[in-house]
Amino acid sequence: MRDITKAFELIGADLVVTEIQSKKKDITVRGEFQLSKFDYLTKEQQYFIEVFIKNQGNIKQIEKELGISYPTVKKSLEEVTSALGYKVEDSKDDEKRIEIFEKIRKGELSIEDAEALLKKLK
């Protein structure tokens, strides 16, 4: 059986499935079938999502199961998010947000100044 994700890579997102057949080939359904955005992901991306869901998003468990580091998990998640058509926030902005909140906690930054800095990150 062929991997349909390879067809998507070769042809592009405008691919339409027009026939579905049972493995025994005793039932065939013809028509135009809408595919989900998950169908356009590579097998590796689909597997990452499966592991992510199985581990309920627990990064430590994902690291352990896939044998990869935290930055690699984060990178894979960003790639899948982008492939699904969603905007991926720059992780540097996340680090800056953490720094801002840490400065507020320590009393080194006022709420007003923090608000102005956070608005610049959007």
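This is a walk through the predicted structure shown above, from the overall layout to a few individual residues. Because the model is predicted, local features are described where pLDDT is at least 70, side-chain atom pairs count only at pLDDT 80 or more, and totals for chains, interfaces and linings use all residues. Residues are numbered from 1 along each chain as its sequence is written, and side-chain values use heavy atoms, with hydrogens and water left out.

Let us start with the whole chain. The protein chain has 6 helices and 2 strands; helices (H or I, at least four residues) and strands (E, at least two) are DSSP runs, numbered from the N terminus. Read from the N terminus on, the elements follow the order α-β-β-α-α-α-α-α. Of the 122 residues in the protein chain, 19% are buried. Here buried means under 20% relative accessible area, exposed means over 50%, and partly exposed lies in between (1.4 Å probe, protein chains only). The accessible surface of the protein chain comes to about 9,800 Å², and 53% of that belongs to carbon and sulfur atoms. Accessible areas come from the Shrake-Rupley method with a 1.4 Å probe, and for residues only the protein chains shown count as cover. Among contacts in the protein chain with a separation of 6 or more, 31% are between residues 24 or more positions apart; a contact means heavy atoms within 4.5 Å.

Now find the two strands. Strand 1 (residues 17–21) and strand 2 run antiparallel and are joined by 4 bridges, where two strands pair if DSSP finds at least two bridges between them. One of the residues to look for is Val17, whose bridge partner in strand 2 is Phe33. The two strands form a hairpin with 6 residues between them. In the turn, Lys25 has a positive phi of about 60 degrees.

Strand 2 (residues 28–33) holds Arg30, a good residue to pause on. Arg30 is exposed, with a relative accessible area of 63%. Leaving out residues up to four places away in sequence, Arg30 touches Thr18 and Glu19. The C-alpha atoms of Arg30 and Val17 are 8.9 Å apart in space, and these residues are 13 apart in sequence. The side chains of Arg30 and Glu19 meet in a salt bridge (3.0 Å, N to O), meaning a side-chain nitrogen of Lys or Arg within 4 Å of a carboxyl oxygen of Asp or Glu. This pair links distant parts of the chain, with Arg30 in strand 2 and Glu19 in strand 1, 11 residues apart. Glu19 counts as partly exposed at 39% relative accessibility. As general background, side chains of opposite charge can pair when their charged atoms come close.

The hairpin region also offers a nonpolar feature. Ile20, Ile27 and Val29 make a nonpolar surface patch of about 250 Å². Patches are made of residues with over 30% relative accessible area and no salt bridge; like charges are joined within 9 Å, and nonpolar side chains (Val, Leu, Ile, Met, Phe, Trp, Tyr) within 5 Å. Val29 is found in strand 2 and is partly exposed, with a relative accessible area of 40%.

Next, turn to the helices, beginning with Gln45 in helix 2 (residues 43–54). Is Gln45 buried or exposed? Gln45 is buried, at a relative accessible area of 16%. The side chain of Gln45 reaches the backbone nitrogen of Thr42 at 3.0 Å. That is a polar contact, a pair of N or O atoms within 3.5 Å; within protein, one must be able to donate a hydrogen and the other to accept it, and residues adjacent in sequence count only if both atoms are side-chain atoms. Not counting residues up to four places away in sequence, Gln45 touches Glu79, Val80 and Ala83.

Glu79 brings us back to charged pairs. A search of the whole structure finds 5 salt bridges, and one of them joins the side chains of Glu79 and Lys75 (3.3 Å, N to O). Glu79 and Lys75 are separated by about one helical turn because they are 4 residues apart in helix 4 (residues 70–83). Glu79 is partly exposed, with a relative accessible area of 39%.

Our last stop is helix 5 (residues 91–105), where Glu102 and Arg105 lie 3 residues apart, about one turn of the helix. Their side chains meet in a salt bridge (2.4 Å, N to O). Glu102 is partly exposed, with a relative accessible area of 31%, whereas Arg105 counts as exposed at 60%.
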